[in-house]
Amino acid sequence: MLGIGVSGLMAFQRALNTTGHNISNANTEGYSRQRVELAARTPQYAANGYIGSGVQVDTVRRMYDEFLTLQLRASTASHGQLESYYGFAGQIDNMLADARTGLAPAVDAFFGATHALASDPTSTPAREVLLSEANALADRFHYLDRRLADVESGVNAQIKTTVAEINDLASAIAGVNRQIVLAPGQGSDPPPNDLLDQRDQLIRRLAERVTVTTVAQDDGALNVFIGNGQTLVMGATAQSLSAVANQYQATRCEVGYAAGATSVNISSQISGGTLGGLLAFRGEVLDATRNALGRVAIGLSATFSAQHALGQDLNGTLGGNFFSAIDATSPKARASASNTGGATIAVTVSNAAALTASDYLLQFAGGVYTVTRLSDTATVYSGAAFPGTIASEGLSLALAGAPAAGDRFLIQPTRLAAQDFAGAISDPSKVAAAAPIRTREATDAAGLPTNFGTGKISAGSVSNTTNLPLAGNITLTFNSTLNQFTVVGGPGGTLAYNPATEGGGKQFTFAAYGGITFTLSGTPANGDSFVIDNNTNGVGDNRNALELAGLQTKLTLGGGTASYGDVYGQLVADVGGRTHSADINRNAQKVLLDQSIAAREAVSGVNLDEEAAALVHFQQAYQAAAQAISIANSAFETLLAAVRR
Amino acid sequence: MRISTSQLYQQSANAILDQQAKLAKTQQQVSSGMRITSPADDPVGAVQALDLNAVLAQTKLYQENAGAARDRLRLEEGTLTGVTDLLQRARELAVQGNNAPLSNSDRASLASELRERLNELVGLANTRDANGEYLFSGHQSRTAPFSRNASGAVTYGGDQGGRYLQIGPAVQVVVGDSGSEVFQAIRNGNGTFVTAAGANSGSGVIDPGSVSGTFVSDTYTIAFTQVLPSDPITYSVTGAVSGVVVPAGTAYTSGAAMTFNGVKTGVSGTPANGDTFTVSPSANQSIFTTLQNLINVLGTPAGSPASQANLNNGINRSLKDIDQSLDHILETRARIGARLNALDSQSDMNDAFALQLQETLSKVQDLDYAEAVTRMQQQLTGLQAAQQAFAKVEQLSLFNYL
């Protein structure tokens, strides 16, 4: 009976210990509550039956559900990814459409200044304002790009930190694995509960950073894999990840996995967790945003400069580039670090209208050059000859040196354009508001028009600068017998014009002379002449300024389907949409995560009220067992007293 | 379902955090008055707002341009009103000069007033706007359009360009006419042909004439013949290209109509033998030349019948030229008026469009305050409830009773 009482004492003490352990760990993350499993001891056989011999502690069981743990791990990884994705995307999203930091207000202000110039072309202040608005626009491009570059370096830094954290966690898991393997009590023996909890918690923290899969081993160790089955922890050894340089761009961080002596870039295989979120954000949002911003920068600078070059400034000379020629300087082709040939590639934008916001991959293999558009992996060129100009993409490539088979180049036409965007003019008189040519009726020495007929010539426009400024006047003289104009100067020859049928207006173009285009109308008298000459002293002319101002709404980009505003709006919508859906998914995932936590807590969490009840319960049982010993003692005392005399 | 104690606390805390986040969002909306605080709130709406803002900014620019255009056109209109007044005064002076009783010195004083008027006209033609740009020099707005050359004639130094301003998405308005067009491109005579007297010795005065049918463009010479004073006066009309159109020997009656090749004119008075008159196609003649011609005519002393006829011929022609100029200036002013009208209607359209844009923009991005404040109240209540629930749950523990 004493033995039975003692077995009860021992068992309830253990139970009280465990309850105390539960209470102490009520707030320990990842802790699973434990319960002492009691069982009756093997009874003793007596003639009249089995006599109970007390209680024993079978095991201390961990209240744990494998399925719930796996679910929690998966939810944690998904939530971690969306959380970091949303965190970064939200930063960019706010910046792009903000009235103070976004691009749209700067573009509006710039074109406002262009309109002001058009309404007052001789005004130096209007020109100064245009130039300062151009600088403000450049500053805005730089600001946005700098912020994106900051975010990018933030992403790089966080990739490094996260990789280091993953490595720490991996070795901690390996350490716990070792302890678990060495711990006594495998198989049917009681398990090392707290170590198992600790390992689960470490794996959950790992899952916050990257999606993992686990495989349990017979010896109690748990092997951890990431990506496409790359081993991170194998038994008691941890494999470490590293942050490696991108093959095309050394400053760009990728996730490296040691395979033999070299590290392999496994970024594309990483998903889930903070790391997955960072990589997805960088690929889907950050790169796309910088490219799209660069596309607006190149589109705006190239088309505006092209129109500006067709104008004439206050000094009477042809306008040059208004913005610096970033269509020629910004596009970059980056050679892979593993290239063996000595080739370098120079990229320029041949047609800003056709330019896309995508990057391209040029591969040279088996004597064939292949250019792939990375946004949709479409092959845009394939052939034995070096591509040269790819008209469909608005790109022009130039090869220097010879590539070796297997060489690869990453072509980034627009990535750096926003940061290179800059004005090319600082002298207000160099702003070309005027058109370089003008038209008029022939006049006498006093400037008096000398035509007799009703013929009119339109103001005329130019489309290139060939043979401009004109070497001399171009005079068109009408011959009413032959119904034609005789052209003297310029291209010469004759222009057929029949006033009877074409009096409503007929358009002519001198392609080789600035592409001068003008319309003749009405009925000129025989001998009437019109003159096209250089716009000397034409400081009050605003024709080119009007053309420049019109570019704001002209569909110059996307193959003639979108204005600057459209392309930028597309970018804002794209980033906004991605952020929006990341937010929605994040919230949904948060609900799932909360549910997973609740489900796990329902099984494994400590409820202090329950433990309080257990305390009272076991305390009473303990007291009762002690009472049984006391009874056994007094029974023995009674016996002794009976035989003592 | 079992609830763990830490879960209980965590849940309460999460609920409070959630409510606070929602409240912060609503607060941000209410304090900014914007429904969309970042594009992620409503990507489609955000881009729409971006577009609407851009169009609104453009419309504002069009309105500014319309304002500038209106100023310039009004200035031009004002200047041309001055020119009209001036021409009317010149016409009065010409009519006065045509009146027989005037002495040579009277006409000389008329001529000297006209000289002043001519200077005034050059001044008007060289009007500058508030920016110091010449109104009538075409594209060469820093070059004075009209100046006098060595011989005193007024010459044009500008070009024939016109400035356009954008006042609507697809509407441009001309905000000026070149001096060439306003002051120079004026057909002399009656607009189709011009009659003139040769160096005549008779007292024949030719009528400026009118077009009858279709004028055959040519230079016609009306030649008078009266070999002996007793002979009847006859005439012939010969075109430089057309040849003889009225045969020689046609009897002359003073004041009778002469009609040929679309020309209807007449000569009155007594032309002498060998006197000629010409009818030639109208050419452009500047207002300055018109006035200068009148000054020259008035400044030439008249006494003899021949010089009186010369005076009358000259003044008749000047009157016709002045009328042409007046018509031309009035036409130009009518054109300016039409442009101002178009400008005003486009401006009204812009205003209406801007208002509509504002409304749409407001619908897209502005906050419905009633809804937001109600929502905020709800969220506040929710937050308070969550906090109170936490305070209650926090007190619950079995340990309190042990």
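1. Which residues in α4(A) meet residues in α5(A)? On the α4(A) side they are Thr162(A), Glu165(A), Ile166(A), Leu169(A), Ala172(A), Ile173(A), Val176(A), Asn177(A), Gln179(A) and Ile180(A), and they meet Leu195(A), Leu196(A), Gln198(A), Arg199(A), Leu202(A), Ile203(A), Arg205(A), Leu206(A) and Arg209(A) in α5(A). Contact here means heavy atoms within 4.5 Å, and helices (H or I, at least four residues) and strands (E, at least two) are DSSP runs numbered from the N terminus.

2. Before going further, please keep in mind that this is a predicted model, in which local features need pLDDT of at least 70 and side-chain atom pairs count only at pLDDT 80 or more, while totals for chains, interfaces and linings use all residues. Residues are numbered from 1 along each chain as its sequence is written, chains are lettered from A and ligands numbered from 1 in the order in which they are written, and side-chain values use heavy atoms, with hydrogens and water left out.

3. The helices α4(A) and α5(A) pack at an angle of about 160°, and their axes are 9 Å apart; the axes are lines fitted to C-alpha atoms, for helices over the stretch in contact, and angles run from 0 to 180 degrees between N-to-C directions. That makes α4(A) roughly antiparallel to α5(A), a label for angles over 145 degrees (under 35 is roughly parallel, 65 to 115 roughly perpendicular, and the rest oblique). Their crossing is left-handed, meaning that the near helix is turned anticlockwise from the far one by less than a right angle, whereas clockwise would be right-handed.

4. Two residues of α5(A) deserve a look of their own. Leu196(A), found in helix α5 (residues 193-209) of chain A, is buried, with a relative accessible area of 15%, where buried means under 20%, exposed over 50% and partly exposed in between (1.4 Å probe, protein chains only). Not counting residues up to four places away in sequence, Leu196(A) touches Arg62(A), Ile180(A) and Pro191(A), and its C-alpha atom is separated by 8.8 Å from that of Asn177(A), 19 residues apart along the chain. Asp200(A), which is also placed in helix α5 of chain A, counts as buried at 12% relative accessibility, and, leaving aside neighbours within four places in sequence, Asp200(A) is in contact with Arg62(A), Tyr64(A), Thr69(A) and Arg73(A).

5. A second helix pair in chain A is formed by α1 (residues 2-24) and α12 (residues 608-643), which pack at an angle of about 160° with their axes 8 Å apart. That makes α1(A) roughly antiparallel to α12(A), and the crossing of these helices is left-handed.

6. Helix α4 (residues 124-182) of chain A also lies across β9 and β10 of chain A, running at about 155° to β9(A). These strands belong to an open sheet of three, in the order β9-β10-β11 (chain A), with antiparallel pairing; two strands pair if DSSP finds at least two bridges between them. The edge strands, each pairing on one side only, are β9 (241-245) and β11 (262-265) of chain A.

7. The largest nonpolar core has 112 residues, such a core being a set of buried Ala, Val, Leu, Ile, Met, Phe, Trp, Tyr and Cys residues joined through side-chain atoms within 4.5 Å. Its largest share, 19 residues, comes from α4(A).
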